Amino acid sequence: TFDRGGGAPQKTDASPSADPDPAGDPRYGLFLFLEARTPAGLAYETFTISLILLSVATFVLASVFLPEYNGDSPLAYKCGPRCDAVWFGNRPDN
């Protein structure tokens, strides 16, 4: 067995069967993928982070172009109905 206290695993049992066998574990490939230790896993992680950043940026831009939040700003009216429908979806008539 291994100590689950964090950090590097410390062996608490002296028997040879206590060593993990990553090659025999069917979940090991998934672990490597999700930890971005494979080329496909790195691409997946990069894509996921990019989607998160795009979502945050779109939310910030949507609040800039929403007249309810920025009524005094000329930017609130720069994004027309088509721009709002494609990027933000703020207007009820979309």
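Q: Buried means under 20% relative accessible area, exposed over 50%, and partly exposed in between (1.4 Å probe, protein chains only). With that in hand, what class does Tyr 28 belong to, and how do you know?
A: Tyr 28 has a relative accessible area of 33%, so the value sits between the two limits and the residue is partly exposed. Phe 31, at 37%, is partly exposed as well. Please keep in mind that this is a predicted model, where local features need pLDDT of at least 70, side-chain atom pairs count only at pLDDT 80 or more, and totals for chains, interfaces and linings use all residues. Residues are numbered from 1 along each chain as its sequence is written, and side-chain values use heavy atoms, leaving out hydrogens and water.

Q: How many aromatic pairs does a search of the whole structure find?
A: The search turns up two aromatic pairs. In one of them, Tyr 28 and Phe 31 have ring centres 6.2 Å apart and planes at 25°. Rings of Phe, Tyr and Trp (its six-membered ring) pair if their centres lie within 6.5 Å; planes under 30 degrees apart count as stacked, over 60 as edge-to-face and the rest as tilted. Both values meet their limits, so this pair is called stacked.

Q: What separates Tyr 28 and Phe 31 in helix H1?
A: About one helical turn, because they are three residues apart in H1 (residues 28-34). Phe 33 and Tyr 44 also form a pair, with 5.3 Å between centres and 35° between planes. That angle is neither under the stacked limit nor over the edge-to-face one, so the pair is tilted.

Q: Which parts does the pair of Phe 33 and Tyr 44 tie together?
A: Phe 33 lies in H1 and Tyr 44 in H2 (residues 39-64), so the pair links parts that are 11 residues apart in sequence. The C-alpha atoms of these two residues are separated by 8.4 Å. Phe 33, at 27% relative accessibility, is partly exposed, as is Tyr 44 at 44%.

Q: How many helices and strands are there in the protein?
A: There are three helices and zero strands, running α-α-α from the N terminus on. Helices (H or I, at least four residues) and strands (E, at least two) are DSSP runs, numbered from the N terminus.

Q: How do you know that the span of H2 agrees with what it should be?
A: The expected span of a helix is 1.5 Å times one less than its number of residues. For the 26 residues of H2 that gives 38 Å, and the end C-alpha atoms are 38 Å apart, so the two agree.

Q: What makes the phi of Ala 36 worth a look?
A: Ala 36 is not a glycine, yet its phi is positive, about 60°. Most residues other than glycine have a negative phi. Ala 36 sits in the loop between H1 and H2, and its 18% relative accessibility is below the limit, so it counts as buried.

Q: Why do Ile 52, Val 56, Phe 59 and Val 60 form a nonpolar patch?
A: Patches are made of residues with over 30% relative accessible area and no salt bridge (a side-chain nitrogen of Lys or Arg within 4 Å of a carboxyl oxygen of Asp or Glu); like charges are joined within 9 Å, nonpolar side chains (Val, Leu, Ile, Met, Phe, Trp, Tyr) within 5 Å. Val 60, in H2, has 45% relative accessibility, so it passes the area limit. Together the four residues have about 410 Å² of accessible area, by the Shrake-Rupley method with a 1.4 Å probe, where for residues only the protein chains shown count as cover.
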